[in-house]
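Student: I'd like to learn how to read aromatic rings and charges in a protein model. Can you walk me through one?

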Amino acid sequence: MNIDLLNWHLPEAEQRANMAAVHIASAEDIEALILPAKRKDCWENCAILLASLDNSRLLPFLPRLMEWYQDMNWPGFEIIDRRVKQLPYNTLQVAVADALRKATSEHDSEWHENLQSAFDDLENGDNEVSM
């Protein structure tokens, strides 16, 4: 998969055509779409492709998707946030708790605060996450 073809600086029609041509065949392809290093200009389109995956393909990558919450201003964040909040409540609850522990261990207070803010309904025991 050529991540460069997902660059938001390309003409919009070319971006759409490139995204339509992407074939996400393997776990490696999915992994490559999650916050590709030094390719922030591709993150929005990567998020769109990730959001299109069904739960069974997306769930194994939930811990990595939680990394998008490190900065709520990152390209693609809102797309990932909406998609993640459609995942099963119990699975999401575990993933958020794990991400909070990781943020704490890495002394990343912004990530921790972002997770708490985005998923405050989970902490309150609500069975639905607001969107």
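**Rings and charges**

Tutor: Sure, and keep in mind that this model is predicted. Start with Lys-85: its charged end sits over the ring of Phe-119, 5.5 Å from the ring's centre.

Student: And when two rings meet, what describes the pair?

Tutor: You look at the distance of the centres and the angle of the planes. Searching the whole structure here turns up 4 aromatic pairs. Take Trp-43 and Trp-74: their ring centres are 5.2 Å apart and the planes stand at 70°, over the 60 degrees that edge-to-face needs, so that is what we call this pair.

Student: Where do Trp-43 and Trp-74 lie?

Tutor: Trp-43 is in helix H3 (residues 43-51), while Trp-74 is in the loop between helix H5 (62-65) and helix H6 (77-84), so the pair ties together parts 31 residues apart in sequence.

Student: Are Trp-43 and Trp-74 buried or exposed?

Tutor: Both Trp-43 and Trp-74 are buried. Trp-43 and Trp-74 also form one aromatic cluster with Trp-68.

Student: How are the rings of Tyr-69 and Phe-77 arranged?

Tutor: Tyr-69 and Phe-77 make an edge-to-face pair, with 5.1 Å from centre to centre and 85° between the planes. Tyr-69 and Phe-77 are both buried.

Student: Back to charges. Which side chain of opposite charge is nearest to Asp-29?

Tutor: That's Arg-57, 6.3 Å away; Asp-29 is buried yet has no salt bridge. You'll find Asp-29 in helix H2 (residues 27-33). Leaving aside residues up to four places away in sequence, Asp-29 touches Met-1, His-23 and Ile-24.

Note on methods: Residues numbered from 1 in each chain as written. Predicted model: local features only at pLDDT ≥ 70, side-chain atom pairs only at ≥ 80, totals over all residues. Heavy atoms only, no water. Phe/Tyr/Trp six-rings, centres within 6.5 Å; stacked < 30°, edge-to-face > 60°. Helix = DSSP H or I, 4+ residues; strand = E, 2+ residues; numbered from the N terminus. Buried < 20%, exposed > 50% of the residue type's maximum accessible area, 1.4 Å probe, protein only. Lys NZ or Arg CZ within 6 Å of the ring centre and 35° of its normal. Lys, Arg positive; Asp, Glu negative; His and termini not counted. Salt bridge = Lys/Arg side-chain N within 4 Å of Asp/Glu carboxyl O. Contact = heavy atoms within 4.5 Å.
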